Amino acid sequence: MKYFVIEHQIRPDDEVNTSETARSTFASALSLYYERLSKMTVTELYKSVSVMLVDQNLDVVEQKTVDTLWKEAE
């Protein structure tokens, strides 16, 4: 079975960057899911980021949206 990590990065101009990465094992996909969450939590490039781990049938295994360290320019 394949797994996919889908990521939406909400930019300061409210546009959305989207990426999807496939992994062939659950362990590899879960590792990537948590890696992306940990890195995006501390970024200042995006307002927020949503990361989702799904299987090849698009059944959601994990999903989380995090606010980042981005701040409005003063």
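Is Thr 25 buried, partly exposed or exposed? With a relative accessibility of 39%, Thr 25 counts as partly exposed, and its surroundings are taken up in one of the legends below, all of which refer to a predicted model.

**View 1. The protein chain as a whole, with one helix and four strands.** Read from the N terminus, the elements of this predicted model follow one another as β-β-α-β-β. Along the principal axes, the C-alpha atoms of the protein chain fill a box of roughly 50 × 20 × 15 Å. Of the 74 residues in the chain, 28% are buried, and the chain exposes about 4,900 Å², of which carbon and sulfur atoms supply 49%. Among the contacts with a separation of 6 or more, 53% are made by residues 24 or more positions apart. The chain carries 8 positive and 13 negative charges, and the mean positions of these two groups are 5 Å apart.

**View 2. The open sheet of four strands, in the order S2-S1-S3-S4.** The pairing in this sheet is antiparallel, and the edge strands, S2 (16-23) and S4 (60-67), each pair on one side only. From one strand to the next, the twist averages 10°. Strands of a sheet pair through backbone hydrogen bonds, in either a parallel or an antiparallel sense. Helix H1, which spans residues 26-41, lies across S1 (3-10), S2, S3 and S4, and runs at about 10° to S4.

**View 3. Strand S1 and its pairing with S2 and S3.** Six of the eight residues of S1 are buried, so that this strand is mostly covered. S1 and S2 are joined in the antiparallel sense over eight bridges, and within this pairing Glu 7 of the one strand stands opposite Ser 19 in S2. Eight bridges also join S1 to S3, again with the strands running antiparallel; here Ile 6 stands opposite Met 52, while His 8 stands opposite Ser 50.

**View 4. Strand S3 and its pairing with S4.** S3, which covers residues 48-55, is joined to S4 by seven bridges, and the two strands run antiparallel. Like S1, of which six of eight residues are buried, S3 is mostly covered, with six of its eight residues buried. Two bridge partners may be picked out in S4: Asp 67 is the partner of Ser 48, and Gln 63 is the partner of Met 52. Met 52 can also be followed across to S1, where Ile 6 stands opposite this residue.

**View 5. The hairpin of S1 and S2, with Asp 14 in the turn.** Five residues lie between the two strands of this hairpin, and Asp 14 is placed in the loop that they form between S1 and S2. The phi of Asp 14 is near 70°, a positive value in a residue other than glycine. Most residues other than glycine have a negative phi.

**View 6. The hairpin of S3 and S4, with Leu 58 in the loop.** This hairpin has four residues between the strands, and Leu 58 takes a positive phi near 65° within the hairpin. Leu 58 is not glycine, and a positive phi is therefore against the general tendency, since most residues other than glycine have a negative phi. The relative accessible area of Leu 58 is 59%, and this residue is therefore exposed, the cut-off being over 50%.

**View 7. Ile 10 in strand S1 and its contacts.** With a relative accessible area of 23%, Ile 10 is partly exposed. When its neighbours within four places in sequence are left aside, Ile 10 is in contact with Glu 15, Val 16, Tyr 46, Lys 47 and Ser 48. One of these contact residues, Ser 48, has Asp 67 as its bridge partner in S4. Ile 10 and Ser 50 are 40 residues apart along the chain, and their C-alpha atoms are separated by 8.3 Å.

**View 8. Thr 25 in the loop between S2 and H1.** Thr 25 is partly exposed, at a relative accessibility of 39%. Although Thr 25 and Lys 2 are 23 residues apart along the chain, their C-alpha atoms are separated by 6.5 Å.

Technical notes
Residues are numbered from 1 along each chain as its sequence is written. This is a predicted model: local features need pLDDT of at least 70, side-chain atom pairs count only at pLDDT 80 or more; totals for chains, interfaces and linings use all residues. Side-chain values use heavy atoms; hydrogens and water are left out. Two strands pair if DSSP finds at least two bridges between them. Axes are lines fitted to C-alpha atoms, for helices over the stretch in contact, and angles run from 0 to 180 degrees between N-to-C directions. Contact means heavy atoms within 4.5 Å. Buried means under 20% relative accessible area, exposed over 50%, partly exposed in between (1.4 Å probe, protein chains only). Accessible areas come from the Shrake-Rupley method with a 1.4 Å probe; for residues, only the protein chains shown count as cover. Lys and Arg count as positive and Asp and Glu as negative; His and the chain ends are not counted. The place of a charge is taken as NZ of Lys, CZ of Arg, CG of Asp or CD of Glu.
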